[in-house]
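Visitor: Could you take me through the charged side chains and their pairing, one pair at a time? I would like a close look at that part alone.

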Amino acid sequence: MKTYLVTGGCGFIGANFIHYMFEKYGDSIRIINLDKLTYAGNPENLRDIEYLRNYVFVKGDICDKHLVNDLFQQYEIYYVVHFAAESHVDRSIESADEFVRSNVLGTLTLIDAAKRAWEAGETYREGVKYLQVSTDEVYGSLGETGYFTEVTPLDPHSPYSASKASADLMVKSYIDTHRFPANITRCSNNYGPYQYPEKLIPLLITNCLEKKPLPVYGDGMNIRDWLYVEDHCRAIDMVLHNAPSGEIYNIGGHNEKTNIDIVKLVIGYLHDTYDSGIDESLITYVTDRKGHDRRYAIDADKIGHDLGWEPETMFAEGIVKTIRWYLDNRKWLDDLKNTNI
Ligand code: NAD
């Protein structure tokens with residue numbers, strides 16, 4: 001039984017990843033989930049698997065060196081999948097300290113502990129791997145044409161993306177200096193179940209259900225590439241197990257949409273299937289986000305070519321599954337609304 005250390009497993013993508021891994025590998029893996037349970041971490045996301053004897057939850061901070069080193073001592077960890085991060089751009093614009101602490105120093109703490117635990121003479125224990133879950137936002141913003149490739153220079157604009165780029169560079173430095181066995185993945189915007197409703201799609205759904213205004217930044221024409229979260233989880237699994245160490249992979253959905261397109265799509269679906277009182281009069285244009293990147297678009301040819309990955313869930317299907325999930329999980333949403341937001 002191989003042991004995985006997953007950080008930030010109570011957040012959106014981490015929770016989806018843990019579900020994905022147990023569904024795929026069952027009893028043949030053990031997962032240690034290290035999560036500080038910030039406002040974005042929700043134990044409810046994993047309530048259905050917490051009874052598993054091969055699942056261990058550890059409440060703690062990735063910046064806590066003693067705790068992280070102890071985990072490597074206590075368990076024979078083979079894989080680290082590092083999701084834990086402060087992840088909301090707007091919050092990073094308000095205050096960047098926690099982004100540098102968790103995203104940069106937290107990453108350093110993890111790679112340092114993994115390196116020490118895995119060192120075996122001049123090399124590393126056979127089969128171990130660290131995976132840094134990063135974002136397309138580290139590349140900055142595109143004009144109307146072109147795509148981010150893995151060799152696009154890093155040009156982050158927000159404190160969030162700057163902290164993620166810094167963390168990537170720390171990982172790269174360990175790969176280059178110490179031949180640390182690691183990969184970095186850079187994914188576009190994810191959507192799906194368990195996403196904290198400060199992010200665009202669940203925010204739109206919750207506000208529609210409460211007939212609250214739907215805030216749209218600037219002219220609403222900022223473009224993002226959207227990927228169904230399960231496709232991201234599958235890509236991470238493939239990179240972890242099949243990619244040569246040291247490689248970086250972009251992951252994207254070939255699915256560019258303007259923000260206003262997304263807003264209208266969510267309204268349209270809820271109007272037609274849930275409540276005809278939900279309509280475009282809820283749209284409220286608000287002052288643009290400071291330094292708002294105009295367009296992100298991913299060239300995911302490398303992961304397709306090297307590992308055979310491609311997105312499986314088309315947006316038309318994924319967005320309906322996602323909206324239905326939030327409709328079917330009103331208690332999950334309401335509990336969050338009552339505690340945190
Ligand atoms: P999220 O905000 O939903 O979850 C983050 C999780 O990390 C939470 O459970 C939180 O409690 C935990 N955490 C935060 N700081 C911690 C610390 N110091 N110690 C331990 N746990 C801590 O984030 P998400 O959307 O699931 O994103 C996961 C990762 O994927 C992040 O690294 C993010 O940069 C990256 N990413 C996200 C997207 C996206 O669209 N959401 C796209 C590309 C990459």
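Guide: Happily; here is a walk through the salt bridges, ending with a lysine that has none.

This is a predicted model, in which local features need pLDDT of at least 70 and side-chain atom pairs count only at pLDDT 80 or more, while totals for chains, interfaces and linings use all residues. Residues are numbered from 1 along each chain as its sequence is written, and side-chain values use heavy atoms, with hydrogens and water left out.

Side chains of opposite charge can pair when their charged atoms come close. A salt bridge here is a side-chain nitrogen of Lys or Arg within 4 Å of a carboxyl oxygen of Asp or Glu. The whole structure holds 22 salt bridges.

Let's begin with K24 and D237, whose closest N and O atoms are 2.8 Å apart. K24 lies in helix α1 and D237 in helix α7, so this bridge ties together parts that are 213 residues apart in sequence. (Helices are DSSP runs of H or I, at least four residues, and strands are runs of E, at least two, numbered from the N terminus.) K24 is partly exposed at 46% relative accessibility, whereas D237 is buried at 2%. For these words, buried means under 20% relative accessible area, exposed over 50%, and partly exposed in between, with a 1.4 Å probe and protein chains only.

Next comes a network of salt bridges that links K36, D61, E98 and R101. Within this network, D61 and K36 meet at 3.6 Å, N to O. D61 sits in the loop between β3 (55-59) and α2 (65-74), and K36 in the loop between β2 (29-35) and β3, 25 residues apart. D61 is buried, with a relative accessible area of 16%, while K36 is partly exposed at 33%.

R101 and E98 also form a salt bridge, with closest N and O atoms 3.2 Å apart. Both lie in helix α4 (residues 97-118), 3 residues apart, or about one turn of the helix. R101 is partly exposed at 29%, and E98 is partly exposed at 28%.

Finally, look at K199, in the loop between β9 (189-191) and α6 (200-209). K199 is buried yet has no salt bridge, and the nearest side chain of opposite charge, E198, is 4.4 Å away. In that search, Lys and Arg count as positive and Asp and Glu as negative, with His and the chain ends not counted. Leaving aside neighbours within four places in sequence, K199 is in contact (heavy atoms within 4.5 Å) with S87 and H88.
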